[in-house]
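Here is an informal walk through a structure you may not have met before. Have a look at it first, and then we'll go through its parts.

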Amino acid sequence: MKSFSNGAKNGRARYLLGSVKKQPVVLILIVISVAFSICFPDRFLTYLNISSIVSQFVTIMLFALGPSIVAAMGSMDLTYIGIWMLGGIVLWRLTPTLGPAAILVIPVLGVVTGWLVGVIQVKAKIPSFILTLSLLVAYSGLTSLLSGGYPRIVRGYEFITAPLIPYVPTELVWTVPLIGAAVFIMRSTKVGTYLYAIGSNEEGAQLAGIDVQRYKILAFTISGLFTGLGSVIQFQHLGGSVPLALNLNTMVSPLVAIVLGGTLLTGGSGGPDRTILGALTYVVLYRGLYISFLSPEVLQLLTGLLLVVSVVIASRELRSVIVT
Amino acid sequence: MTVSIPEWLRKNTGIVIAVVAAIAVIGIFQAINPFFLSHQGRITLVYAMSYFLIAACGLTFVIMMGSFDFSVVSLLKLAALLCALYIDSIGLWVIPVAVLVCAGCGFINGLLFVKFKVPSFLATLGISVVVDGISLYLSRGFLHVITNRAFRSLSVTFFAGLPSVFYWAVGIWIICTFVALCTPFGRRIYAIGGNPTAAALCGINVAKHRLCVFTISGFLAGLAGVLYMAQFGGGSIEIGADMIIPLFASVVAGGTALTGGIGGPHRTVIGVILITWIQAGMSTLAIGRDIQLLTLALIAIGMSIVTTDRTMVSIIK
Amino acid sequence: MAVPVLEVKGVAKTFDRVVQALRGVSIAVNENEIVGVVGENGAGKSTLMKILVGVYPPDAGEWYYKGTRTSFPKNPNEAAKKGVAIVYQEKGVIPALKVYQYLFLGHEDKYMKFPRLATTEMRRRAREITDEFHITCDVDQFMYELPLSTQKMIEIARAILGLRLEHGNDHAASVVILDEPTAPLTIEERQGLFSYILDMKKTTSFILVSHMMHEVLEFTDRVYVLRDGSLVAHYDLSRESVTEEDLFKAIVGKTSFEHAARDEGPAVPGEEVVLETRSLTKRGSYYDVSLELHKGECIGIFGPAGSGKSEIVKTIAGLMSFDSGTLMVKGEVARAGEEPHVRLTRGVGYFSGEIERQLFFNWPVKENISIVNIDKVLRRRGRIINFNAERQMAERITARLKIRTRDVNANCRSLSGGNKQKVSAGRWFERNPDILLLEDPTIGIDVGARKDIYEALKEMKSRGMSMLLVSDDPKEYSILCDRVVLIKNGRLQREVDSREFTEAMST
């Protein structure tokens with residue numbers, strides 16, 4: 001059981017220490033950054049490496065934003081890859097006819113997907129992970145169908161990643177406000193409070209008068225929106241091409257970022273702000289191991305292990321939270 | 001049994017839909033492509049169904065118990081790979097090794113779930129990624145062709161016009177059905193899926209049974225992988241991670257609900273027939289893998305909705 | 001005499017055209033007062049409260065707010081506007097929210113600077129509230145960080161706050177219903193909670209629904225007693241002195257005891273001690289519990305709600321652990337963390353009235369019975385289920401316990417409440433464990449089913465089974481037990497034999 005503090009006001013120092021204790025991942029991040037810098041000074045602290053870190057961070061965050069909102073509410077949303085893939089291919093199809101305005105299709109797809117997931121989950125009571133997984137597979141099939149079987153490259157949107165500020169990747173410039181918006185919604189609005197409430201104690205939220213069904217659907221819809229908006233940046237950031245097959249690694253890394261960041265999968269805590277830390281830690285760890293010349297297979301293996309380990313740790317933390 | 005027909009129909013909606021659909025599917029495909037039910041077509045179907053059924057039986061036990069096993073496909077691939085890689089060095093011993101390794105992974109799944117309280121789909125997802133990584137590392141892109149006749153004969157020896165892998169599948173399916181319906185062990189699995197608290201109070205060692213079932217699932221996945229490799233004889237393994245969807249769809253289409261406590265291998269066989277025949281039918285119509293996946297995913301969602309007993313469930317995450 | 005803040009007259013409610021939950025009940029709540037509402041389970045307390053907060057409408061009745069007649073609320077929000085809110089017994093708290101977030105949950109619209117929440121303002125206001133109610137906490141703490149009693153106080157504060165916000169008037173008369181507020185708390189925490197409630201009485205009236213009679217007598221101003229849906233007693237504690245026994249008899253009804261007399265005297269228990277506890281302690285629930293249960297004997301642990309009796313039984317069943325002391329089953333030490341299936345292997349079965357924890361509703365009757373007796377229905381060779389034997393066992397049990405079902409293949413869900421419970425009893429009847437723990441075994445079921453279950457239990461007892469009973473129905477103790485141990489505040493008091501007990505209850 002968490003220790004009972006008796007309401008004394010925390011001093012600044014105690015507050016800081018307290019937050020480090022609550023977020024051990026901060027410590028991990030610092031430790032591994034320092035460790036890799038010491039071990040591979042000529043490879044780790046280079047411009048190339050740092051920009052790779054930033055680049056990967058952007059990729060993961062853009063995928064993980066939506067799902068981390070849903071995770072804070074206690075469910076799982078695995079459709080992000082699907083929205084990106086399907087969105088990309090639909091874009092490829094529509095750009096010749098609609099021009100650059102076609103880009104709006106992706107966020108719309110995201111919103112519609114999220115809404116659909118929310119409605120089915122709430123009305124039919126299907127567990128979200130299997131529902132979103134099935135939808136993800138359906139989307140990948142649809143993508144393949146629409147692409148005619150070949151990976152396609154979408155042209156005409158290079159302006160999204162055209163250099164704006166020197167030394168700062170443009171993707172980051174677009175991503176930061178998106179992250180900011182997600183964090184804002186979860187931490188500073190009524191919707192965010194309600195989503196945490198539902199994640200923490202759905203029955204209690206219901207008793208408090210919250211329309212749980214409505215907010216669950218809203219959570220999935222918002223998630224879809226963020227994934228959709230993120231995909232707009234994402235697909236260009238990843239070279240403008242749309243892949244055909246599902247890559248397990250791409251699917252799992254955002255999940256690792258979410259769990260590592262400290263979002264309990266049963267809901268009630270965490271969210272986009274925690275995921276920033278998780279993503280950063282994961283990416284630094286990944287890059288650190290990458291430049292130590294481990295083979296990609298081992299890397300994938302470690303990703304899986306990391307997922308398992310972080311969930312185990314997260315589940316232990318879960319048991320210490322009292323639910324009356 | 002004094003149950004009226006309309007009432008029976010209502011209780012068993014899932015399976016009725018599945019059977020009707022299976023018949024319809026066969027009819028449609030046969031009509032479009034007369035070679036569908038030809039001798040060659042039938043053999044293809046049988047080959048597709050057999051190893052699939054074995055893996056589906058394992059997954060059925062897990063879902064009956066109220067959990068989920070995402071790693072079945074990865075374990076299947078691992079077992080197949082181990083056979084291809086090491087058959088030349090250790091001969092037929094590779095079979096028990098592959099199967100035991102997979103059973104061991106299943107056991108780890110169970111441990112994560114029971115001891116560390118990791119939700120089953122997440123634990124198995126993680127293991128799945130790890131196993132895929134191992135597979136990737138081991139195979140390093142080599143394509144192996146198996147020349148060991150004894151090994152291949154496991155699956156491709158013909159009796160009465162059907163390959164041996166078929167008889168393996170039928171045999172295993174019969175055993176699984178028997179265990180589920182006629183043994184105390186099976187009863188207990190249903191109990192845990194139906195009401196875990198009541199199961200504990202009825203004297204069932206829930207933790208032990210959970211470990212057991214995950215191990216069995218791994219074991220059967222391994223077995224399926226071995227027979228798959230014996231069937232195909234080498235080359236790259238053309239199973240994608242998304243095979244979990246058709247597997248899951250066939251379990252659910254058969255009538256084993258996600259909520260646990262009902263269904264079973266006897267139901268799954270119908271789902272397997274339905275799903276593999278739809279897949280095979282679509283292949284003969286040259287419908288791409290993409291639409292196949294799409295269709296199967298939609299079936300998975302649809303059948304989940306139909307079979308979920310919403311009165312038993314209050315809070316779904 | 002001042003006009004009551006809230007008064008309802010003649011409230012009636014029938015469910016499914018059959019179950020009359022309330023028959024013409026009238027209660028009134030005055031300003032700055034705490035009114036107690038007591039009664040057995042099923043007496044109608046919960047139905048009445050739900051009507052007051054608008055969960056469902058009554059079939060008949062009048063609602064008066066400060067003397068003016070208005071309609072019953074149609075939903076909890078309307079009830080809040082009418083000045084009534086409820087604090088539920090459990091699941092009302094949201095652990096992951098911070099104190100100030102939880103306090104204003106549902107009322108954020110009053111603190112919105114679109115699109116963001118005015119958190120500074122919320123924090124400030126929250127601090128004012130916690131100061132007003134003397135709650136020691138930091139408004140930035142998460143709810144889960146606080147002790148349960150503090151959480152409860154904040155829950156109550158939140159209810160009061162909600163009413164004030166709805167009314168727009170800080171000192172508007174309002175009524176907060178407290179449903180078993182001390183039930184989830186440890187014995188030590190309960191005292192503290194009530195001093196806060198008494199403090200809050202200055203601005204709010206309370207309806208206290210509770211099983212804990214000593215609390216009701218100590219802290220309320222007036223008490224209403226419900227039995228079987230009717231109001232049977234009303235005490236004004238400022239004018240009359242009422243003892244726990246008086247209250248108890250009003251709740252239970254004197255006449256029912258005449259039918260409950262045992263036909264035989266207390267059986268002579270065997271020599272063998274089948275279950276023994278020595279100084280069993282679980283902090284916050286029970287302390288220093290020492291019991292000896294002999295073979296063929298039935299002991300009851302009797303006490304008010306929250307006295308620890310339920311926790312003791314659950315501990316022996318394996319559903320809970322204990323902190324110190326020894327538990328011995330049939331001479332062997334049973335360790336603290338053992339799971340229920342291990343206890344069953346030792347010979348301890350657990351039969352409770354909470355059917356959701358006992359039965360498999362999707363399963364047919366015969367399978368619900370056989371699951372605990374699976375070893376008896378296996379074929380001679382191999383561990384295979386003999387379906388014939390299973391069916392026969394079920395038919396035997398169904399006949400013996402007079403379970404009303406179409407046949408043994410029917411799903412348990414289709415059975416009525418009493419019959420479901422009989423199925424649960426039936427499986428233990430067949431299993432015949434050495435020791436059967438009973439917790440509220442016949443709660444909420446009809447008299448006929450009750451009688452049948454008692455008969456079955458008595459037959460099992462005559463076969464040598466020992467029982468430990470915990471229940472809220474004193475008649476059950478008279479019928480089943482040889483001796484009764486009284487428990488209060490987690491400690492065993494004295495022991496009486498069955499005859500003494502029945503006499504004490506009847507006078």
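## A sheet in chain C

Before we get to the sheet, one bit of vocabulary: two strands count as paired if DSSP finds at least two bridges between them. Keep in mind, too, that this is a predicted model.

With that in hand, take a look at the open sheet in chain C, which has six strands in the order β6-β9-β10-β3-β11-β12 and mixed pairing. Which strands sit at its edges? They are β6 (84-87) and β12 (230-236) of chain C, and each of them pairs on one side only. Leaving direction aside, neighbouring strands in this sheet are turned by 20 degrees against each other on average.

Now zoom in on one pair. Strand β9 (residues 175-179) and strand β10 (residues 205-209) of chain C run in the parallel sense and share five bridges. In that pairing, Leu178(C) has Leu208(C) in β10(C) as its bridge partner. There's a helix here as well: α5 (residues 148-167) of chain C lies across β6 and β9 of chain C, and it runs at about 165 degrees to β6(C).

## Two domains in chain C

Stepping back, the domain assignment splits off domain 1 (6-254) and domain 2 (257-337 + 468-507) in chain C. How far apart are the centres of domain 1 and domain 2 of chain C? Taken over C-alpha atoms, they are separated by 33 Å.

The two domains do touch: 12 residues of domain 1 of chain C are in contact with 10 residues of domain 2 of chain C. On the domain 1 side of that contact you'll find five nonpolar, five polar and two charged residues.

## Helix pairs in chain B

Over in chain B, helix α3 (residues 39-64) packs against helix α13 (residues 265-284) at an angle of about 140 degrees, and their axes are 9 Å apart. Angles over 145 degrees would count as roughly antiparallel, so α3(B) and α13(B) are oblique to each other. The crossing of α3(B) past α13(B) is right-handed. Among the residues that meet here are Leu45(B), Met49(B) and Phe52(B) from α3(B), with Val269(B), Ile273(B) and Trp277(B) among those from α13(B). By class, this contact has 13 nonpolar and seven polar residues, with no charged ones.

A second pair is worth a look. Helix α5 (residues 94-114) of chain B and helix α11 (residues 206-232) of chain B pack at about 150 degrees, with 7 Å between their axes. Here, too, the crossing is right-handed, with α5(B) passing α11(B). The contact of α5(B) with α11(B) comes to 19 nonpolar, eight polar and one charged residues.

## Where the chains meet

Let's finish with the contacts between chains. Chain B puts 41 residues into its contact with chain A, and chain A puts in 40. On the chain B side, α6 (120-139) and α14 (289-307) each supply at least two residues. That side of chain B divides into 27 nonpolar, seven polar and seven charged residues.

Chain B also meets chain C, in a contact that takes 20 residues from chain C and 19 residues from chain B. Which helix gives the most to the side of chain C that touches chain B? That would be α10 (residues 340-346) of chain C, with four residues. The chain C side as a whole has 11 nonpolar, five polar and four charged residues.

Note on methods: Residues are numbered from 1 along each chain as its sequence is written. Chains are lettered from A and ligands numbered from 1 in the order in which they are written. This is a predicted model: local features need pLDDT of at least 70, side-chain atom pairs count only at pLDDT 80 or more; totals for chains, interfaces and linings use all residues. Domain bounds come from an automatic or database domain assignment. Two residues are in contact if their C-beta atoms, placed from the backbone, lie within 7 Å. Ala, Val, Leu, Ile, Met, Phe, Trp, Tyr, Cys and Pro count as nonpolar, Asp, Glu, Lys and Arg as charged, and the others, Gly among them, as polar. Axes are lines fitted to C-alpha atoms, for helices over the stretch in contact, and angles run from 0 to 180 degrees between N-to-C directions. Angles under 35 degrees count as roughly parallel, over 145 as roughly antiparallel, 65 to 115 as roughly perpendicular and the rest as oblique. A crossing is left-handed if the near helix is turned anticlockwise from the far one by less than a right angle, and right-handed if clockwise.
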